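Work through the exercises below with the sequence and the 3D view at hand. Try each task before reading its solution.

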Amino acid sequence: MTHVVQVGDANGSLRFYPAELKGVKAGDMVQFHFWPKSHSVAQSSFDNPCQPLKGNNGVQGFWSGMMPVTPESKVMPIFSILVNDTNPIWYYCATGRHCQSGMTGVINPPEGKTLKQYQAAAANVPTTGIPAEGVTGGNNGTESQTNSTVPAGTSQPTSTSTSPGKTGGATAGAAAAVRIPGQALGALVAAAVGALALI
């Protein structure tokens with residue numbers, strides 16, 4: 001099964017939608033769809049919010065790299081991870097102070113440790129940790145690699161790739177981009193706003 005997490009929104013909110021994914025099983029895919037302006041997703045731990053997960057026994061946290069998206073863009077970058085087990089996976093946006101502002105999330109939240117607790121601890125972190133390596137556990141593609149075109153008026157981003165690797169609780173898959181036609185993008189924004197109104 002594929003689960004989608006929207007990273008930010010058309011209004012520039014510093015949130016993941018949804019911020020909690022429950023019932024994600026081993027073998028499921030989680031896709032992070034990036035919205036304007038610039039966001040990222042880095043794996044963390046509950047005990048060390050806003051800091052990248054340190055490598056342990058060859059296992060390291062996932063890192064999408066920075067994913068800048070202009071408000072005019074019809075290209076939405078996607079970073080995918082493959083979940084290996086049902087252990088909790090904590091993550092955050094490493095852009096600026098987005099993490100301290102609450103842009104955090106968890107896959108399979110555990111009993112006794114809540115996203116609100118993680119966010120409260122994150123608010124007190126003085127400096128957001130940005131992983132030192134490039135994209136880990138996968139690669140970032142561009143829309144041209146998915147047989148689409150970059151919209152007029154934007155520059156072609158460069159492609160960075162690394163070897164696929166193991167990450168704690170997840171395996172990062174290829175990050176790619178998807179082209180969303182203008183009308184469909186408008187419908188997605190309207191649906192997102194409507195969904196938020198229900199919350």
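**Exercise 1. Find the order of the strands in the open four-stranded sheet, then its edges.**

Solution. Step one: read the order, which is S3-S10-S9-S6. Strands here are DSSP runs of E with at least two residues, helices are runs of H or I with at least four, and both are numbered from the N terminus. Two strands pair if DSSP finds at least two bridges between them. The pairing in this sheet is mixed.

Step two: look at the edges. S3 (20–21) and S6 (42–44) each have a single partner strand, so one side of each has no neighbour in the sheet.

Step three: follow S3 to its partner. Two bridges join S3 to S10 (residues 104–107), and the two run parallel. Glu 20 stands opposite Val 106 in S10.

Step four: add the helix. H1 (residues 115–122) packs on the sheet and touches S3, S6, S9 (89–92) and S10. Contact means heavy atoms within 4.5 Å. The direction of H1 makes about 145° with that of S10. Axes are lines fitted to C-alpha atoms, for helices over the stretch in contact, and angles run from 0 to 180 degrees between N-to-C directions.

**Exercise 2. Decide how far to trust the model.**

Solution. This is a predicted model: local features need pLDDT of at least 70, side-chain atom pairs count only at pLDDT 80 or more, and totals for chains, interfaces and linings use all residues. Residues are numbered from 1 along each chain as its sequence is written, and side-chain values use heavy atoms, leaving out hydrogens and water.

Now take the confidence. pLDDT is the predictor's confidence in each residue, from 0 to 100. Its mean over the protein is 74, and 64% of the residues reach 70 or more. Over residues 141–168 pLDDT stays under 50. Residues 171–199 also stay under 50.

**Exercise 3. Locate the largest nonpolar core.**

Solution. Such a core is a set of buried Ala, Val, Leu, Ile, Met, Phe, Trp, Tyr and Cys residues joined through side-chain atoms within 4.5 Å. Buried means under 20% relative accessible area, exposed over 50%, partly exposed in between (1.4 Å probe, protein chains only).

The largest core has 22 residues, and Val 30 and Phe 32 have the most contacts inside it. S8 gives the most, with four residues. Phe 32 touches residues including Val 5, Phe 62 and Tyr 91.

**Exercise 4. Is Val 83 buried or exposed?**

Solution. Val 83 lies in S8. Its relative accessibility is 1%, so Val 83 counts as buried.

Note on methods:
Lists of a residue's contacts leave out its neighbours within four places in sequence.
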